[in-house]
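Hi,

Here is the structure I promised to pass on. Have a look at it first, and then read my notes underneath.

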Amino acid sequence: MRILLLTHAFNSLTQRLGAELSQRGHEISIEFDIADSVTEEAVALFRPHLIVAPYLRRAIPESVWSRHVCLIVHPGIPGDRGPSALDWAIQEGVAEWGVTVLQAEAEMDAGPIWASTKFPMRLTKKSSVYRNEVTQAATSAVLQAVQRFESGDFLPQALATLSNVHGRLRPLMKQQHRSLDWQRDDSATVLRKIRAADGFPGVADSLFDQPCHLFDAWPEATLRGTPGTLIARRETAVLRATVDGAVWIGHARQPDGIKLPASRAFVAEAAALPQAPLDNWWRIDRPTWQDIAYEEVGAVGFLHFEFYNGAMSSAQCLRLQAALAWARQRPVRVLVLMGGTDFWSNGIHLNVIEAASLSGDSAADESWRNINAMNDLTLELLTTENQITVAALAGNTGAGGCFLARAADQVWAREAVMLNPHYKNMGNLYGSEYWTYSLPRRLGGDAARAIMRDRQPLTAQRALEIGFSDVCMVGDVPAFHRAVAQRAAQLAQQADWSDRINAKREARARDEAAKPLAVYRAEELAQMHRNFYGFDPSYHVARHHFVRKSPASWTPRHLAHHRELGWVAP
Ligand code: COA
């Protein structure tokens, strides 16, 4: 079937659905929901058999839903309606939630149901539930609904005819529903409210007596203070006391500002807080804020880096490089880079770079510092000689993050993750992180060029098929972590471990003799220098719109196949 994906943005759920449906032989094209007339035009051009809307912020025009079956993905259980489905579910602490695929009709989210899936709710932030449980449930429900539509003999069920429906119409959750009372709310309540609003819109509150929205809350087990006061800082986060403990705030957004690490949003104020540093990289068992954590099981070392949104600023790259350099000295045979739960890495920190341009500093200089810090980190991994290194991707990874991962000897990815191993979407960025060494080495020159040119997301399965990655594992994040630990332990015990290490050293020496890594880096950075400092401002413009979340004004050609020159619907 020809299936049009109508969506507000090409987010990871849309990417996943597009890839899964293509893999099942459907012809997919994408149109961003920009205006009713644009949607109508896309439908007229593509003449789809079916329209699927994974992520919309407004209703589909009647001119479209009255003539075509439009399947809407709603992140709620049957009967649930309204724009704040997940926010209410998290804030009210429901034990079970779900995704419903329903047909668009005049009343929002009230059309007949084609499929629905349930999942146990996890105590975490909204964006994490969306990227994991919701994405997984939506994928299986959409695939089922598409199959049912294709069979031609399925009748979707009207809501009124269903028994046992627990969902109901809920209003938009406003800031008054989210407000924090630091003199009354215990830590669990503060965490729940901030998580229900994370990554968007955040909770309107204040830090240092200045209004801001709060994001990225972490529990703290031991430190205490007067409720409501800021009592400490650690790296990029600040700690605020509650009535029964304290909560770390990792990110904040000031009025008209952008979302930033708390210490970057309030530079002078945060610097005046007492530090609560961690002595070393070892993972701490009690709840606290720890973005980089190392643990060891037998002959395997695991390095976790839980960076918000997978974005890695210059300072974070430097710290991770220091942690990796330290881990390399540990007496382990296998070193696994675990990344974070939702993202492994998304490359340079575009928000911190954008902030440089806002504070009178230079975004070009900060970009340059950041890409060099990413490269130093990547080099540390590429030149790890005494261990077999593994990048274990539990969460999505994009752009430079993919090539940091590819610098490891092996890349193991969870089946549900999406990889975007290309840079051009960010204003034609050339990219660095030694990709010109690692990608052709794996895939050959032609395939490497095609990946960069086509800018398509890869499922973990597809990444394995084309040779970008080495292993694809099924299961949710905890199951993936268990499987990674088991596989890494086996790798460390293999009788040929020394042979593998020797082969790796020899290969690196051969490659270095043929063309030094420093040359690859210099060539890439020459291109990046033009991106950052040259006459073409595309990267700076694209970054600005990405960070500011400017609504799209057209769908890129590489996604909207129906807009390709010469396209004729069969
Ligand atoms: N720097 C700063 N923030 C980033 C980021 C980066 N490199 N990559 C992603 N983010 C942020 C997004 O702004 C968004 O912020 P929010 O919490 O305020 O909503 C959040 O991470 C999630 O991103 P989103 O696009 O919604 O996630 P996704 O899983 O749907 O898509 C990507 C993943 C990788 C396709 C997409 O985030 C992307 O294109 N990122 C930019 C990658 C890049 O170009 N890096 C620079 C070159 S190395």
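Lys549 puts a polar side-chain atom 2.9 Å from an oxygen atom of the ligand. Bear in mind that this is a predicted model, ligand site included. In total 22 residues surround the ligand, and the closest are Ser12, Lys259, Asn309, Ile348 and Leu350. For Asn309 there is also a polar distance to quote: an N or O atom of its side chain is 3.0 Å from an oxygen atom of the ligand. With Asn351 the partner is a nitrogen atom of the ligand, and the distance from a polar side-chain atom of Asn351 is 3.5 Å.

Asn309 deserves a second look for its backbone. Most residues other than glycine have a negative phi. Asn309 is not a glycine, yet its phi is positive, at about 60°. You'll find Asn309 in the loop between strand 14 (300–305) and helix 10 (314–328).

While you're checking the backbone, go to the loop between helix 7 (187–196) and strand 7 (203–207), where Gly199 sits. Most peptide bonds are trans. The one from Asp198 to Gly199 is cis, with omega near 0°. Pro201 lies in that loop between helix 7 and strand 7 too, and the bond joining Phe200 and Pro201 is again cis, with omega about 5°.

Now the overall layout. The domain assignment splits the protein into domain 1 (2–162), domain 2 (179–271) and domain 3 (292–536). I spent my time on how domain 1 meets domain 2. Their centres, taken over C-alpha atoms, are 34 Å apart, and 9 residues of domain 1 are in contact with 9 residues of domain 2. The two domains bury about 740 Å² between them, with 50% of that on carbon and sulfur atoms. On the domain 1 side, Gln91, Lys125 and Lys126 supply 57% of the area buried against domain 2, more than any other three residues.

What holds polar partners across that interface? The rule finds 0 salt bridges between domain 1 and domain 2, but there are 5 residue pairs in polar contact. Two elements give two or more residues to the side of domain 1 that touches domain 2: helix 4 (85–91) and helix 5 (126–151). Helix 4 has the largest share, with 3 residues. By type, that side of domain 1 divides into 2 nonpolar, 4 polar and 3 charged residues.

Salt bridges do turn up elsewhere: a search of the whole structure finds 35. One to pull up on screen is Glu133 with Arg122, where the closest N and O atoms are 2.6 Å apart. Glu133 is in helix 5, while Arg122 is in the loop between strand 6 (113–120) and helix 5, so to speak 11 residues away along the chain.

If you only have a few minutes, I'd start with Asn309, given its positive phi and its 3.0 Å approach to the ligand.

Cheers

Terms used. Residues numbered from 1 in each chain as written. Predicted model: local features only at pLDDT ≥ 70, side-chain atom pairs only at ≥ 80, totals over all residues. Heavy atoms only, no water. Domains from an automatic or database assignment. Contact = heavy atoms within 4.5 Å. Buried area = accessible area lost by both parts, 1.4 Å probe. Salt bridge = Lys/Arg side-chain N within 4 Å of Asp/Glu carboxyl O. Polar contact = N/O pair within 3.5 Å; in protein donor to acceptor, adjacent residues only side chain to side chain. Helix = DSSP H or I, 4+ residues; strand = E, 2+ residues; numbered from the N terminus. Nonpolar A, V, L, I, M, F, W, Y, C, P; charged D, E, K, R; others polar. Near = heavy atom within 4 Å.
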